[in-house]
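I opened a new notebook page for this structure. Below is what I looked up, entry by entry.

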Amino acid sequence: MKKSMLVIICLALSVSVFAQTDGRAAPPECPPGTHPVLVNDCNFENFHRPRYSCQRGFWFCFDCTGWQVVCAPNATVFRASINEKNIASVWVELVDNNVKFHFPAELKTRGNYTSSDLEKLSVDEPLELPFVTGKVRLVIGEYTTKEIDGEIVIIVPVQL
């Protein structure tokens, strides 16, 4: 009797935890001295807009590896880059009510981009990003890019 009661309690707790997390593991909390950023690895040649058949513009035209929470050291500069397999690591941080995208500036000299492609980032449809503090939704629009320290940086407002 005690064993069956224990099994029932454990099952009830498991169902309760699963329901609260929507079936997905919660993002990890970052230890002191670090802060959470999102990282996504993509083939560097296709940061074009789906609206233009992935031939021009600047956005995500395909599924990448998916946004993963990484705890970046506070004192170290986290960098967007392209590796030897032509995979670009793009990272995003939440700053106030904005998301700050960091793309590798190497996109300007590699791949099939024109200078006008990389001047503005276009958010054509709603996109939610899973930050540790909760999901945020990007505001649809076009956003000017800036090259800062070897990265293409774009600030996009979000709805919290």
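**Entry 1: strand β5 and its partners**

I began with β4 and β5, which run antiparallel and are joined by five bridges. Strands here are DSSP runs of E with at least two residues, helices are runs of H or I with at least four, and both are numbered from the N terminus. I count two strands as paired if DSSP finds at least two bridges between them.

I noted early that this is a predicted model: local features need pLDDT of at least 70, side-chain atom pairs count only at pLDDT 80 or more, and totals for chains, interfaces and linings use all residues. Residues are numbered from 1 along each chain as its sequence is written, and side-chain values use heavy atoms, with hydrogens and water left out.

Next I looked at the turn. β4 and β5 make a hairpin with two residues between them. Asp-96 sits in that turn and has a positive phi of about 55°. Across the pair, Trp-91 stands opposite His-102 in β5.

Then I checked β5 against β10. These two pair in the antiparallel sense over seven bridges. Pro-104 has Glu-151 in β10 as its bridge partner.

Is β5 enclosed or open? I found five of its seven residues buried, so the strand is largely enclosed by the rest of the structure. Buried means under 20% relative accessible area, exposed means over 50%, and partly exposed lies in between (1.4 Å probe, protein chains only).

**Entry 2: His-102**

I picked His-102, which is found in strand β5. His-102 counts as buried, at 5% relative accessibility.

Which side chains make polar contacts with the side chain of His-102? One is Glu-93, at 2.9 Å. Another is Glu-151, at 2.8 Å. A polar contact is a pair of N or O atoms within 3.5 Å; within protein, one must be able to donate a hydrogen and the other to accept it, and residues adjacent in sequence count only if both atoms are side-chain atoms.

I also listed contacts of His-102, leaving aside neighbours within four places in sequence. Among them are Ala-80, Ser-89, Val-90, Trp-91 and Val-153. Contact means heavy atoms within 4.5 Å.

**Entry 3: the nonpolar cores**

I turned to the largest nonpolar core, which has 30 residues. Such a core is a set of buried Ala, Val, Leu, Ile, Met, Phe, Trp, Tyr and Cys residues joined through side-chain atoms within 4.5 Å. Phe-47, Phe-101, Phe-103, Leu-107 and Leu-129 have the most contacts inside this core. The elements giving two or more residues to this core include β1 (34–43), β4 (87–95), β5 (98–104) and β10 (151–159). β10 gives the largest share, four residues.

I followed Phe-103 outward, not counting residues up to four places away in sequence. Phe-103 touches residues including Phe-47, Phe-58, Phe-60, Leu-121 and Ile-154. Apart from the largest core lies another one, of five residues, among them Val-37, Val-39, Ala-80 and Trp-91.

**Entry 4: Lys-108**

I then went to the loop between β5 and β6, where Lys-108 is found. Lys-108 is partly exposed, with a relative accessible area of 44%. Lys-108 touches Leu-118, Glu-147 and Ile-152, not counting residues up to four places away in sequence. Lys-108 and Leu-118 are 10 residues apart in sequence and 7.4 Å apart in space, C-alpha to C-alpha.

**Entry 5: strand β1**

I looked up the partners of β1. β1 and β2 (residues 68–73) run antiparallel, joined by six bridges. Pro-36 has Cys-71 in β2 as its bridge partner. β1 also pairs with β4 in the antiparallel sense, over six bridges. There, Asn-40 has Val-90 in β4 as its bridge partner.

**Entry 6: the whole protein**

I tallied one helix and 10 strands. Of the 160 residues, 31% count as buried. Among contacts between residues at least 6 apart in sequence, 62% join residues at least 24 apart.

Last, I checked confidence. The mean pLDDT (the predictor's confidence in each residue, from 0 to 100) is 80, and 82% of residues reach 70 or more. Helix α1 (residues 2–20) has the lowest mean among the elements, 32, and strand β9 (residues 141–148) the highest, 96. Over residues 1–27 the pLDDT is below 50, and this stretch has five contacts in the model beyond near neighbours in sequence.
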